[in-house]
Amino acid sequence: MIIKLLDSSDLKPGLTVPGRQELHVWIFQAEEIDNLHKYAHICLRQLLSQYTGIPKETLEFGTGEHGKPYLISNSFTSHLDTFSSVSDIHEIQFNLSHAGSCAAFIFSTGTPVGIDIEQLNRRVNMDAVSSKIFLTEEARHVKSLTGDDKRLSFFRLWTRTESFLKGIGTGLSVSFTDIKIQEEYSSWTSQFICAPDGYVCCVSYRNL
Ligand SMILES: CC(C)(COP(=O)(O)OP(=O)(O)OC[C@H]1O[C@@H](n2cnc3c(N)ncnc32)[C@H](O)[C@@H]1OP(=O)(O)O)[C@@H](O)C(=O)NCCC(=O)NCCS
């Protein structure tokens, strides 16, 4: 799978949807944002509109059982004649994450995907969260570290875990250590993405 990393300077009309062997990852950083959640949703509409050619105000979203958002196809059927590849539009998959002053998005055609971005200075009880969420060996590794190494190792595991759980759409409603979830994880790949200083970002996608 080829991962293409994009930012606000790449946002133009007529974006081509990712090919089947491709993922598009966008990271937007905006200083002095009062409402990051709102900003992320404006960016998401803009991106989906540029990919599909559909006016952003027409796009409608649904959410899966545990909150994973998806595009509702009714919102674009009347616009299909403007879209070059009718089969692809139904298959656009995406996910988003926001933290600090960053909003991150991943798009694919057909492949389920998840993304998580975290700020390294986020206050969290790393040992307690590690024991609760990560595999025993991983938690032991985090506990053995100190300082910046500990923080980096913890947030890499966090974003890896969360991007996968967002990819399968459960979020934290399931445990990553559950045997069934571990079996599912064996058919996924997680990859770290080059993020702005002070952030860690990971994406997960189901193997083709
Ligand atoms: C969705 C969840 C997985 C992540 O939430 P989060 O870390 O607070 O937020 P992120 O910025 O990474 O992602 C939020 C976005 O994910 C999307 N999302 C929500 N539920 C989702 C789900 N079940 N699956 C995939 N994506 C989901 C939404 O678009 C949401 O953005 P919105 O609220 O602006 O619409 C949630 O289950 C949660 O509660 N997480 C707690 C975080 C935590 O303790 N993590 C421990 C380390 S693994």
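Helices (H or I, at least four residues) and strands (E, at least two) are here DSSP runs, numbered from the N terminus. The exercises below concern a predicted model.

**Exercise 1. Pro13**

Task: State which loop holds Pro13 and whether Pro13 is buried or exposed.

Solution.
Step 1. Pro13 sits in the loop that joins strand 1 (2-6) to strand 2.
Step 2. A residue with 12 or fewer other C-beta atoms within 10 Å is exposed. Pro13 has 7 C-beta neighbours inside 10 Å, so Pro13 counts as exposed.
Step 3. In sequence, Pro13 and Tyr51 are 38 residues apart, while their C-alpha atoms are 7.8 Å apart in space.

**Exercise 2. Overall form**

Task: Compare the radius of gyration of the protein with what the globule rule gives for 208 residues.

Solution.
Step 1. Seven helices and nine strands make up the list of elements in the protein.
Step 2. The radius of gyration is 18 Å, close to the 17 Å from the globule rule for 208 residues, so the protein is as compact as a globular protein of that length.
Step 3. Taken along the principal axes, the box filled by the C-alpha atoms is roughly 60 × 40 × 30 Å.
Step 4. Of the 208 residues, 33% count as buried.
Step 5. Among contacts with a separation of 6 or more, 55% are between residues 24 or more positions apart.

**Exercise 3. The backbone at Glu32**

Task: Describe the phi of Glu32 and the surroundings of this residue.

Solution.
Step 1. Most residues other than glycine have a negative phi.
Step 2. Glu32 is not a glycine, yet its phi is positive, at about 55°.
Step 3. Glu32 belongs to the loop between strand 2 (22-29) and helix 1.
Step 4. Glu32 has 5 other C-beta atoms within 10 Å, so it is exposed.

**Exercise 4. Helix 4 against helix 5**

Task: Work out how helix 4 (residues 126-133) is oriented relative to helix 5 (residues 136-144), and which residues meet.

Solution.
Step 1. The two helices pack at an angle of about 170°, and their axes are 8 Å apart.
Step 2. Helix 4 is therefore roughly antiparallel to helix 5, since angles over 145 degrees count as such.
Step 3. From helix 4, Met126, Asp127, Ser130 and Ser131 take part; from helix 5, Ala139, Val142 and Lys143 do.
Step 4. Sorted by class, this contact contains three nonpolar, two polar and two charged residues.
Step 5. Asp127, which lies in helix 4, has 13 other C-beta atoms within 10 Å and is thus partly exposed. Asp127 and His141 are 14 residues apart in sequence, with 10.0 Å between their C-alpha atoms.

**Exercise 5. The shell around the ligand**

Task: Identify which residues come nearest to the ligand and which elements supply the shell.

Solution.
Step 1. There are 22 residues around the ligand, of which Gly67, Lys68, Ser97, Lys166 and Gly171 come nearest.
Step 2. At least two residues of the shell come from each of helix 1 (36-52), strand 5 (92-99), strand 7 (113-119) and helix 6 (147-167).
Step 3. Helix 6 gives the largest share, five residues.
Step 4. By class, the shell has seven nonpolar, eleven polar and four charged residues.

**Exercise 6. Gly198 and Tyr205**

Task: For Gly198 and then Tyr205, give the location, the burial class and the contacts.

Solution.
Step 1. Gly198 is in the loop between strand 8 (188-193) and strand 9 (199-206).
Step 2. Gly198 is partly exposed, as 13 other C-beta atoms lie within 10 Å.
Step 3. Neighbours within four places in sequence aside, Gly198 is in contact with Gln119, Leu120 and Asn121. Gly198 and Glu118 are 80 residues apart in sequence, and 8.6 Å separates their C-alpha atoms.
Step 4. Tyr205 is part of strand 9.
Step 5. The cut-off for a buried residue is 20 or more other C-beta atoms within 10 Å. Tyr205 has 24 C-beta neighbours inside 10 Å and so counts as buried.
Step 6. Neighbours within four places in sequence aside, the contacts of Tyr205 are Met1, Leu23, Ser108, Thr111, Pro112, Val113, Gly167, Trp188 and Thr189.
Step 7. Tyr205 and Ser190 are 15 residues apart in sequence and 6.6 Å apart in space, C-alpha to C-alpha.

Definitions and conventions
Residues are numbered from 1 along each chain as its sequence is written. This is a predicted model: local features need pLDDT of at least 70, side-chain atom pairs count only at pLDDT 80 or more; totals for chains, interfaces and linings use all residues. Axes are lines fitted to C-alpha atoms, for helices over the stretch in contact, and angles run from 0 to 180 degrees between N-to-C directions. Angles under 35 degrees count as roughly parallel, over 145 as roughly antiparallel, 65 to 115 as roughly perpendicular and the rest as oblique. Two residues are in contact if their C-beta atoms, placed from the backbone, lie within 7 Å. Ala, Val, Leu, Ile, Met, Phe, Trp, Tyr, Cys and Pro count as nonpolar, Asp, Glu, Lys and Arg as charged, and the others, Gly among them, as polar. A residue is near a molecule or strand if its C-beta atom, placed from the backbone, lies within 6 Å of it. The radius of gyration is taken over C-alpha atoms; the globule rule is 2.2 Å times the number of residues to the power 0.38.
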